[in-house]
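Here is a quick walk through the fold, sheet by sheet, and then through the empty spaces between the atoms. Keep the viewer open and follow along.

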Amino acid sequence: MKTGSTADIGRREFLGRAAWAVTAAAMGGAAKAAPAPGEASLVGFVAPKLEKIRVGVIGVGGRGSGAVRRLCKVPGVEVTAVCDLIEDRAKKGQDMVKKAGFREPKAFAGPEGYKRLCESGLVDAVHINTNWTSHAEIALYSLKCAIHTFVEVPGVRSIDEAWAVVETAEKNRCHCMMLSNCCYDEDAMTLINAAHAGILGELMHGESCYLHETRDRQGQAFLSREKIFSSLAALIDHTGMCYCVHPLAPISLAMNINRGDRLDYLVSVGSKGFAWQEFARRKFGPDAPVSKISFEANDFNTTTISTVNGKTIELRQCNNCPMPYTRFYSIYGFNGTIATQSRGLQPSMRVAIEKTLGGGVKSFLEGKELDAFKEKYRSALWKKTGDTAKKVGGHGGMDYLMDLRWSHCIRNGLPLDMSVYDFATWSSIFELSERSVRNRSQAQDIPDFTRGAWKTTPPGGLL
Ligand SMILES: NC(=O)c1ccc[n+]([C@@H]2O[C@H](COP(=O)([O-])OP(=O)(O)OC[C@H]3O[C@@H](n4cnc5c(N)ncnc54)[C@H](O)[C@@H]3O)[C@@H](O)[C@H]2O)c1
């Protein structure tokens with residue numbers, strides 16, 4: 001297939017749902033051939049070591065400003081370029097870097113700014129913090145320029161785009177990683193380590209949710225055309241699970257997806273989307289232009305995935321009703337269960353492990369036993385750098401650890417924790433869950449972006 005020129009992507013964007021329907025018929029979960037010579041698999045890919053990594057931050061809005069601030073604190077990283085559609089924001093990024101004591105980065109602005117940044121020779125890596133609608137276009141451009149590419153969640157939004165990212169990264173031999181900060185959540189990492197250590201025995205099921213009330217934030221966004229026609233625009237015409245990475249990525253790593261198992265098919269069901277519009281009507285009045293925009297996106301979506309090895313994963317996402325911020329991750333196995341709940345409600349972990357076969361479990365571990373469990377499987381990264389991470393901040397430190405980790409891997413010639421195949425797999429849920437929701441939860445095959453390499457990729461990973 002074609003590697004998705006930016007013109008192609010613009011066309012796909014324009015065709016929207018219709019294009020997805022065609023893609024669905026054309027691609028399904030059809031297996032692709034192994035990479036052609038010169039496009040060898042990037043499983044376990046190690047890029048040439050870089051002592052210092054020159055990073056370009058693209059998109060200096062809410063998330064991008066945080067990224068600039070964090071990256072200025074990551075050893076061996078220098079923000080050498082910043083870019084935003086809006087000149088003042090690029091300038092703000094420039095000022096932040098100078099204030100942090102570094103050389104003034106070059107600022108790029110306007111719709112073609114990211115292209116000039118990629119061609120400037122000033123960056124080894126780009127950190128893309130723009131709105132969803134531009135992730136694919138920018139990521140494909142930077143990959144074509146052979147620049148390591150880090151993309152905010154939810155990555156790209158269609159299967160065509162996901163394949164284009166895989167093929168372009170393979171061809172240009174560079175990393176493309178989802179900036180999945182939740183994988184660096186302290187308790188999530190403990191859960192992943194314990195699952196990898198086999199404490200639960202053979203795994204059966206993973207369960208996860210991302211419940212984050214963003215109506216008020218969206219309320220502010222409603223006031224600004226700029227925002228409503230960016231990330232939110234996706235929710236006007238699309239439905240399904242549009243933001244799956246926070247719930248899926250940590251569970252996916254814990255269950256060794258793309259490392260001995262892979263996602264096979266999904267079914268998705270969602271409640272009708274009425275809450276965004278109702279919120280706007282009540283907040284801004286029925287005649288406000290924003291109150292006339294209806295969103296197709298499900299208010300509450302539940303997506304269930306089956307893996308090739310017969311495990312299941314259940315994901316839930318809701319952003320539209322009043323509730324405390326909650327992410328929880330649970331893993332069930334032959335020997336027991338681990339469940340973590342992060343932020344919003346008090347972070348907590350519940351662990352139940354069967355001690356004698358058939359003995360069952362009457363209660364979760366408590367007190368010293370639980371503490372000992374958590375310490376045993378606590379992430380080495382958190383042990384070593386947790387205090388600094390908490391000081392730098394960013395979702396309690398996990399954002400900093402994510403940036404610290406990928407930069408450490410590149411500086412030390414190590415493979416990254418998450419591959420371009422994870423990127424594509426997680427990105428594909430957007431389109432596949434939408435297809436399922438629109439077809440009475442019909443099962444949708446999930447493509448094997450590794451093209452068979454999942455069978456021989458060793459399990460494990462993270463620290
Ligand atoms: N991982 C997390 O915890 C987390 C949290 C919040 C947001 N996000 C993600 O971060 C991304 C940005 O979200 P945000 O809330 O910061 O949005 P935002 O609207 O505040 O910022 C986006 C910025 O990107 C700029 N931009 C858009 N298109 C551009 C282009 N083509 N070239 C250059 N600049 C461009 C906009 O002008 C804006 O300044 C989204 O993908 C969102 O999903 C992730």
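Start with the sheet made of 6 strands, an open one in which the pairing is parallel and the order reads β3-β2-β1-β4-β5-β6. At its edges you'll find β3 (106–109) and β6 (176–178), each pairing on one side only. Neighbouring strands here are turned against each other by 20 degrees on average, ignoring direction. Bear in mind that all of this comes from a predicted model.

For a closer look at one pairing, pick β1 (residues 53–58) and β2 (residues 77–84): the two run parallel and are joined by 6 bridges. If you want a spot to click on, try R54, whose bridge partner in β2 is E78.

Now slide over to the β5 side of that sheet. Helix α17 lies across β5 (148–151) and β6, and runs at about 50 degrees to β6. The loops around β5 hold two backbone oddities. Before the strand, in the loop between α6 (132–144) and β5, A146 has a positive phi of about 60 degrees even though it isn't a glycine. The loop between β5 and α7 (159–172) is the place of P154, and the peptide bond joining V153 to P154 is cis, with omega about 5 degrees.

The other sheet to look at has 8 strands. This one is open too, but its pairing is mixed, and the order is β13-β12-β11-β7-β10-β9-β8-β14. Why do β13 (348–353) and β14 (444–445) each have one side without a neighbour in the sheet? They stand at the edges with a single partner strand each, so there is nothing from the sheet on the other side. Helix α14 (residues 367–377) packs on this sheet, where it touches β12 and β13, and its direction makes about 100 degrees with that of β13.

Within this sheet, β11 (residues 326–333) and β12 (residues 336–342) are an antiparallel pair with 7 bridges. Y332 is a handy marker here, as its bridge partner in β12 is T337.

On to the empty spaces. Rolling a probe the size of a water molecule over the atoms shows where empty space is left. The structure has 2 cavities of 30 Å³ or more. Here is how the second largest pocket and the second largest cavity look side by side:

| Space | Volume | Lining by class |
|---|---|---|
| Second largest pocket | about 470 Å³ | 15 nonpolar, 9 polar and 4 charged residues |
| Second largest cavity | about 30 Å³ | 3 nonpolar, 3 polar and 2 charged residues |

Which residues sit closest to the centre of the second largest pocket? Of the 28 that line it, those are G44, R259, P415, L416 and D417. Helices α16 (398–411) and α17 (420–438) each supply at least two residues of this lining, and α17 gives the largest share, 3 residues. So the helix that lies across β5 and β6 also helps to line this pocket. Both domain 1 (6–182) and domain 2 (184–387 + 421–455) are represented, with at least three lining residues from each. The second largest cavity is lined by I192, H196, L253, R259, D417, G460, G461 and L462. Two of those names should ring a bell: R259 and D417 are also among the residues closest to the centre of the second largest pocket.

Terms used. Residues numbered from 1 in each chain as written. Predicted model: local features only at pLDDT ≥ 70, side-chain atom pairs only at ≥ 80, totals over all residues. Heavy atoms only, no water. Pairing = 2+ DSSP bridges. Helix = DSSP H or I, 4+ residues; strand = E, 2+ residues; numbered from the N terminus. Contact = heavy atoms within 4.5 Å. Axes fitted to C-alpha atoms, helices over the stretch in contact; angles between N-to-C directions. 1 Å grid on protein atoms, 1.4 Å probe; cavity = no way out; pocket = protein on both sides within 12 Å on 5 of 7 lines; lining within 4 Å. Points joined across faces, edges and corners; volume = space filled by probe spheres on them. Nonpolar A, V, L, I, M, F, W, Y, C, P; charged D, E, K, R; others polar. Domains from an automatic or database assignment.
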